[in-house]
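Reader: I'd like a close look at one part of this protein. Please show me how two helices pack against each other, and keep it brisk.

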Amino acid sequence: MPKAKQVADKNWKELLLKQPELKNTKEKSRKRKTELEVIEDVMGKRTEKATVWFDDVDDIYLENDIKKDKEEAEMDRTHSNNNNNNINDNVNPLVKQKSFTGLTRIIAMDCEMVGVGEGGSESILARVSLVNRFGQCIYDKYVKPTEPVTDYRTFVSGIRPSDIENGEDFKVVQKEVYDILKNRTLVGHALRNDFQVLYLEHPRRMIRDTSVYKPFKRMFNGNTPSLRRLTERLLGVGIQSNEHSSVQDAQAAMRLYTMHRKEWEDSIGKKKFDVKGKRNSTNHKTDKPNKIPKTFG
């Protein structure tokens, strides 16, 4: 019996000696758990942020008068679901739901055309759509043809005779679009085609064209990517499966831009200065003014 007691005492002493080690093990385990929780929290936040298509309203993208009137902006948000121009507004991944519906400093544009002349080989404007920074449609009008239409290109344009026979006068639409775009950054895909049918120009430094953005082209071996392929690859959203929608195409272009806005704007900022740190004014000299040609003014 005494021998057994001695063995017990010995085991108890060994246990006491190991206690700090056990304590350290528990502390390390607790520390690891805390680190994992921190990592999970950070990753969780990153995941949550990544799933948000748009940030909150950024004052630098709002008109000055709108910034001063927060109540008006809030009213716009509450009525955003009443905008009939947005496609499937409740489920549209290209639009920030319940977001600001007014003008922002960045606008995206897309146009639909119909064919005129022999075989419909020439294009004229049939529809023009503008969306704001959050994908909300702020302008969408059909345009009365200025020449006899020989090809409505419905399978692509989605335009039918009934859409444009009572459309808005071209000069009215041209002036309205001009007024909206003036002094704003314009986003779009292959905007040169839209400018041609609108007979409008825009300063090069204020254009963000997803068809010529070099990082996008590098994803397609240097080739010019279609808006549909860009949207599918970068946004995971399918568009243009059948007839095109100028609203949807403008929303897709805007989302592509806002998703890469920081890198895009940084690359433009670097081009403004030469290797010696001096401002490069070449691009400013070649900028064309935003104007309506005299023929249509």
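Author: Here is one helix pair, followed by a glycine in a loop. The model is predicted, so local features need pLDDT of at least 70, side-chain atom pairs count only at pLDDT 80 or more, and totals for chains, interfaces and linings use all residues. Residues are numbered from 1 along each chain as its sequence is written, and side-chain values use heavy atoms, with hydrogens and water left out.

Two packed helices are described by the angle between their axes and the distance between the axes. Take helix H9 (residues 227-235) and helix H10 (residues 246-259). Helices are DSSP runs of H or I, at least four residues, numbered from the N terminus. The axes of H9 and H10 come within 10 Å and cross at roughly 50°. Axes are lines fitted to C-alpha atoms over the stretch in contact, and angles run from 0 to 180 degrees between N-to-C directions. H9 is therefore oblique to H10. Oblique covers what is left after under 35 degrees (roughly parallel), over 145 (roughly antiparallel) and 65 to 115 (roughly perpendicular).

Now the side chains. Leu-227, Leu-230, Thr-231, Leu-234 and Leu-235 in H9 meet Asp-249, Ala-252, Ala-253, Arg-255, Leu-256 and Met-259 in H10. Contact means heavy atoms within 4.5 Å.

Next, the glycine. Gly-158 sits in the loop between helix H4 (154-157) and helix H5 (161-164). Gly-158 counts as buried, at 15% relative accessibility. Buried means under 20% relative accessible area, with a 1.4 Å probe and protein chains only. Leaving out residues up to four places away in sequence, Gly-158 touches Arg-153, Asp-163, Glu-243 and His-244. Gly-158 and Asn-242 lie 84 residues apart in sequence, yet 8.6 Å apart in space, C-alpha to C-alpha.

Methods:
Helix = DSSP H or I, 4+ residues; strand = E, 2+ residues; numbered from the N terminus. Buried < 20%, exposed > 50% of the residue type's maximum accessible area, 1.4 Å probe, protein only.
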